There are 2 protein chains.
Amino acid sequence: METVSTNRSHGGVQGVYKHRSSETGTEMTFSVFVPDHAEGAKLPVLWYLSGLTCTHANVTEKGEFRAACAEHGVIFVAPDTSPRGDDVPDDEGYDFGKGAGFYVDATQEPWAQHFRMRSYIETELPALIAAHFPVDMERQGITGHSMGGHGALTIALRNAGRFRSVSAFAPIVSPLACPWGDKALTGYIGADRAAWREYDACALIEDGARVPDLLVDQGMADGFLEEQLRTHLLSEACEKAGQPATIRMQEGYDHSYYFISTFMGEHVAWHAERLTR
Amino acid sequence: METVSTNRSHGGVQGVYKHRSSETGTEMTFSVFVPDHAEGAKLPVLWYLSGLTCTHANVTEKGEFRAACAEHGVIFVAPDTSPRGDDVPDDEGYDFGKGAGFYVDATQEPWAQHFRMRSYIETELPALIAAHFPVDMERQGITGHSMGGHGALTIALRNAGRFRSVSAFAPIVSPLACPWGDKALTGYIGADRAAWREYDACALIEDGARVPDLLVDQGMADGFLEEQLRTHLLSEACEKAGQPATIRMQEGYDHSYYFISTFMGEHVAWHAERLTR
């Protein structure tokens, strides 16, 4: 692991790091904020998975998470959204290929070799984080935005017991039921839609997966709400399955970091309450 | 005035606007955050002047001011740092020409026509803001970063009584005594250094100008501290002149928005205390 940069911020250290990933076969960059802490202390960790077109940098610069993470003593990890590099295949659209890994392990060509974001986020990166940062891996939370909200929900639902807290900002709740999901999962996983269910939060809940509880904020002026995000499908799946969930529709808010940063402090506090008790 | 974008954020509206400036002879872009407020209310306004290479966008995206401005009910205005456009002269350096207006009215060619940032910030933009936003112009504060800290200090010192509160992040405190100032003021104002004194915070204080009080934060790991910013010159000028000032040297902090955003909340609260009492 190589340090790209470190900056003192809000009493802690905001770092950017890169490493050679065996899962993606590429160099991967990520950011970690470590708040001020007592020597030798192990802190809870909150994973943040970013949305389409983003890298680690968007939330690191615009997410406004550091004040709350410093206050609550939570480490914040922001990975990239896909493999990068000249030898990685890409698509002309912003919603597939680079910047759009969808947190799946691709099985279709030409994607299968590099697009292994599920294994990267679920297995490889946690081991690296545990080895290099003062994290208590018994106290993990996960959140994300849009495609990253989909990633957070599905990774938490598939890994029962690993995450004490789960939330999302404007998540894609059902790739089975929206154009972004249809394009991405057809491309990465293939036409057999039964194989998509492990990458669909609503289907996972329908199939019996559960998380302790769930906080979702969704802007009502989000231009992707009706066609792509379809929050009501998650509300219905949770209600039908008895999955506890707080899903808040926020009037006037769109899909941008102006929305995310507004509710970031509340999400960090919500995770911290569950990670530090 | 034309609206470029508006986004709901922290309960208020973050807008970006542009207009044709008669001072610079160009189109100028700026951002304004208006917190939630009672209908018909007039709010205090905090001006933020940005540093070298920046536009309105840097602080708007990375400044982390909205939570505090929403809490305290303060409007936040962030102008650009220079005229822009193909017909505006420029320099190869990042520290002169576009992005580096230094908040002066240039007298030298080829700069004199467009580089009128002093008059733009002191006169033209305030009239536009007063006409289009719910501001109480009797309650103005001003702050800024680096070159913009220089701008905030000198504008406040030259306009006695206009600003109830003045602060700065890592300001250039004396263009007369640093390479950035030497290059910029020679280029914009000419070789007569006596003419620079109205653009030098330390010289203005030495010559009798005063502000009610002053808050400055300066990172001790700031790579520009020793050669360009030279905070001790401001401390000495204030002490000698009896100008009240709180100048805080912050260990480990650099010149970036990771530093600014750390102390932004405290600055906004400090201004709000003086603007709302």
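Trainee: Let's start inside chain A: does A:F259 count as buried or exposed, and at what relative accessibility?

Mentor: Keep in mind that this is a predicted model. The cut-off for buried is under 20% relative accessible area. A:F259 falls under that cut-off, so the residue counts as buried, at a relative accessibility of 0%.

Trainee: How are the rings of A:F169 and A:F259 arranged?

Mentor: A:F169 counts as buried too, at 0% relative accessibility. The two ring centres are 6.4 Å apart, and the planes of A:F169 and A:F259 stand at 85 degrees. Planes over 60 degrees apart take one particular label, so the pair of A:F169 and A:F259 is edge-to-face.

Trainee: Which elements of chain A does that pair link, and how many residues apart are they?

Mentor: A:F169 belongs to strand β7 (residues 163-169) of chain A. A:F259 belongs to helix α9 (residues 257-276) of chain A. So to speak, strand meets helix here: the pair links distant parts of the chain, 90 residues apart.

Trainee: What about chain B, how are the rings of B:F169 and B:F259 arranged?

Mentor: Both B:F169 and B:F259 are buried. They sit in strand β7 and helix α9 of chain B, 90 residues apart. With centres 6.4 Å apart and planes at 85 degrees, the pair of B:F169 and B:F259 is edge-to-face.

Trainee: Which residues form one aromatic cluster in chain A?

Mentor: Over all chains, the count of aromatic pairs comes to 34. A:F169 and A:F259 both belong to the cluster. Its full membership is A:F33, A:Y48, A:F65, A:F76, A:F169, A:Y253, A:F259 and A:F263.

Trainee: Moving on to charges, which side chain meets B:R248 in a salt bridge at 2.7 Å?

Mentor: B:R248 lies in strand β9 (residues 246-250) of chain B, and its partner in strand β8 (residues 215-219), 31 residues apart. B:R248 counts as partly exposed at 24% relative accessibility, whereas the partner is buried at 0%. That partner is B:D217.

Trainee: And which side chain meets B:R248 in a salt bridge at 2.8 Å?

Mentor: This partner lies in helix α9 of chain B, so the pair ties together parts that are 18 residues apart in sequence. At 40% relative accessibility, the partner counts as partly exposed. The residue is B:E266.

Trainee: Over in chain A, which residue does A:E23 meet in a salt bridge?

Mentor: A:E23 is in the loop between β2 (12-20) and β3 (27-34) of chain A, and its partner is in the loop between β5 (75-79) and α3 (117-132), 93 residues apart. The closest approach given for the pair is 2.8 Å, N to O. The partner is A:R116.

Trainee: Now the interface: how much area do chain B and chain A bury between them?

Mentor: The contact takes 20 residues from chain B and 20 residues from chain A. On the side of chain B, B:R8, B:E64 and B:Y258 lose the most area, together 38% of what that side buries. With 45% of it on carbon and sulfur atoms, the buried area is about 1800 Å².

Trainee: How many salt bridges does the rule find across the interface of chain B and chain A?

Mentor: A:R66 forms one with B:E64, where the closest N and O atoms are 3.5 Å apart. The cut-off is 4 Å, and this pair comes in at 3.5 Å. Across the interface, the count is two.

Definitions and conventions
Residues are numbered from 1 along each chain as its sequence is written. Chains are lettered from A and ligands numbered from 1 in the order in which they are written. This is a predicted model: local features need pLDDT of at least 70, side-chain atom pairs count only at pLDDT 80 or more; totals for chains, interfaces and linings use all residues. Side-chain values use heavy atoms; hydrogens and water are left out. Contact means heavy atoms within 4.5 Å. Buried area is the accessible area (1.4 Å probe) that two parts lose on being put together, summed over both. Rings of Phe, Tyr and Trp (its six-membered ring) pair if their centres lie within 6.5 Å; planes under 30 degrees apart count as stacked, over 60 as edge-to-face and the rest as tilted. Helices (H or I, at least four residues) and strands (E, at least two) are DSSP runs, numbered from the N terminus. Buried means under 20% relative accessible area, exposed over 50%, partly exposed in between (1.4 Å probe, protein chains only).
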